[in-house]
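Student: I should like to go through this structure and ask on what grounds each of its features receives its name. Could we take the terms one at a time?

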Amino acid sequence: MQRMDQGMPFLLQYENVAWYEDGKVRILDRRVYPTKIRFEICETYQQVVQAIADMVTQSAGPYTAVGMGMALAAWQVRDKPHAEQMAFLRQASYDLAHSRPTTANRYGKITGRCVDVAEQALAQGRDPIAAIVDFTLESLSRRYGTMQIVGDQLADLIPEGGTVLTQCFGETIIGTLIQAAAKKNKSFRVFCAETRPFLQGARLTASCFAQMGFDTTVITDNMVAYSMEREHIDIFTSAADTIARDGHIANKIGTFQMAILAKYFSIPYYVTGVPDEDKRSVKDIIIEQRDPKLVLTSWDIPNTVPEVKAIYPSFDVVPPHLISGVVTDKGVYVPYLLDRYFETDYKKFYY
């Protein structure tokens, strides 16, 4: 297997995303990075489910974590009869896939394929744990390779010496954009919206760009209009947790209002990623509702008096008329024409 993480920031190196070894899964705790470098150690697949639900890893990190979680599930029943192993793995596949509802379809493609790989290995007298780990790493490398094509195309859309505004943490696209910029000898400034309440933009995205030598500035989520007006933002870009075929996308809460502001200031907004074949329209997008207590605190310190309530929708939906283009591995698509992505051959991105 060819590794695709050479030269990537710390966060994106394979062992620092999620890693199975000797009956345990190690996941970098992105909730505290970069203040602390801490790994969550999971000894059951159920603990991996909880870690994903608790956002120990976010963005595309769970795509790897669910695969490694399936290897851990196989380890948990390694001494059981074949039928019992398969029943356990099917349950683990469902549980891991549904650890977060908005992206259950994407996780399920990976965990479902892990079940198939394990069944084939058992039928051939091979170790299903090793087979699942190998598949998960192959899938990870394939996603990195596909997203490098996306990163190359996004880099072409950024003017030399320009300024890019980001939202949340786009995972692989951050690393591949950095690689593309180095390859093309292109420089640009990066402004990162902090992304309350977990601050992924401030802690994760900004760390990656700054550690790789980019001029990087963090802004609070309510400084976007100011920055667009006065800091010469050239493009706004984000990944997407879901890209429906009708051109609606779901991304971290706050993306919608940033897209509205980008339209107001005539700044193009480019979404990166691969469309979801099984989500035909906005009606298929489920918005995850998280614990509102997270909005009422900062680093476990209360922001309000006890009588105050909060809401915490994890994502919002951006309509296609606010999106300048969806940057995919097959080119840049007008959001209204995303169905054309599936009219020609395309790689299986998740499995």
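Tutor: Let us begin with a pocket. In this predicted model, the residues lining the second largest pocket divide into 8 nonpolar, 3 polar and 2 charged. That pocket has a volume of about 230 Å³. Its lining has 13 residues, and those closest to its centre are R196, D221, I253, G254 and Q257.

Student: What makes R196 and D221 charged, and G254 polar?

Tutor: Asp, Glu, Lys and Arg count as charged, so R196 and D221 belong to that class. Gly is placed among the polar residues, and therefore G254 counts as polar.

Student: What is the volume of the largest pocket, and which residues are closest to its centre?

Tutor: The largest pocket has a volume of about 350 Å³. Among its 13 lining residues, P197, F198, L294, W299 and D300 are the closest to the centre. The lining comprises 6 nonpolar, 2 polar and 5 charged residues.

Student: Why is a space called a cavity rather than a pocket?

Tutor: A space is called a cavity because a 1.4 Å probe fits there but cannot get out, whereas a pocket is open. The structure holds 4 cavities of 30 Å³ or more. The largest cavity encloses about 350 Å³. It is lined by 29 residues, of which S59, A60, G170, A239 and A240 are the closest to its centre. Helix α5 (128–157), helix α6 (172–184) and strand β9 each give two or more residues to this lining. By class, the lining has 13 nonpolar, 10 polar and 6 charged residues.

Student: How do you know that the lining of the second largest cavity has no charged residues?

Tutor: The lining consists of L154, V164, T166, Q167, C168, G170, I173, I174, L177, T237, S238 and A239. Charged means Asp, Glu, Lys or Arg, and the count by class is 7 nonpolar, 5 polar and no charged residues. The space itself is about 90 Å³.

Student: Which elements supply the lining of the second largest cavity?

Tutor: Strand β4 (163–166), helix α6 and strand β7 (235–238) each supply at least two residues. The largest share, 3 residues, comes from α6.

Student: What makes β1 and β2 a pair of strands?

Tutor: Two strands pair if there are at least two bridges between them. Strand β1 (residues 18–21) and strand β2 (residues 24–28) are joined by 4 bridges in the antiparallel sense, so the criterion of at least two is met. E21 stands opposite K24 in β2. The hairpin of β1 and β2 has 2 residues between the strands, and D22 takes a positive phi near 50° there.

Student: How do you know that β2 pairs with β3?

Tutor: The reasoning is again by bridges: 4 bridges join β2 to β3 (residues 39–42), and the two run antiparallel. That count satisfies the requirement of at least two, and therefore they pair. L28 stands opposite F39 in β3.

Student: Why are β8 and β13 called edge strands?

Tutor: They belong to an open sheet of 3 strands in the order β8-β9-β13, with antiparallel pairing. β8 (242–243) and β13 (315–318) each pair on one side only, and they are accordingly the edge strands.

Student: What makes β8 and β9 count as paired?

Tutor: 2 bridges join β8 to β9 (residues 249–252), and at least two are required, so the condition is fulfilled. The bridge partner of I243 is I249 in β9.

Student: Why is N251 called buried?

Tutor: N251, which lies in β9, has a relative accessibility of 4%. Buried means under 20%, and N251 is therefore classed as buried. Leaving aside neighbours within four places in sequence, N251 is in contact with Q167, S238, A239, A240, D241, S314, F315 and D316.

Student: What makes the approach of N251 and T255 a polar contact?

Tutor: The side chains of N251 and T255 are joined at 3.0 Å. The limit for such a pair of N or O atoms is within 3.5 Å, so the distance qualifies.

Student: Why is I149 called partly exposed?

Tutor: I149 lies in helix α5, and its relative accessibility is 32%. Buried is under 20% and exposed is over 50%; 32% falls in between, and I149 is therefore partly exposed.

Definitions and conventions. Residues are numbered from 1 along each chain as its sequence is written. This is a predicted model: local features need pLDDT of at least 70, side-chain atom pairs count only at pLDDT 80 or more; totals for chains, interfaces and linings use all residues. Side-chain values use heavy atoms; hydrogens and water are left out. On a 1 Å grid over the protein atoms alone, a cavity is a set of points where a 1.4 Å probe fits but cannot get out, and a pocket is an open set with protein on both sides within 12 Å along at least five of seven lines; lining residues have an atom within 4 Å of a point. Grid points are joined across faces, edges and corners, and a volume is the space filled by probe spheres set on the points. Buried means under 20% relative accessible area, exposed over 50%, partly exposed in between (1.4 Å probe, protein chains only). A polar contact is a pair of N or O atoms within 3.5 Å; within protein, one must be able to donate a hydrogen and the other to accept it, and residues adjacent in sequence count only if both atoms are side-chain atoms. Contact means heavy atoms within 4.5 Å.
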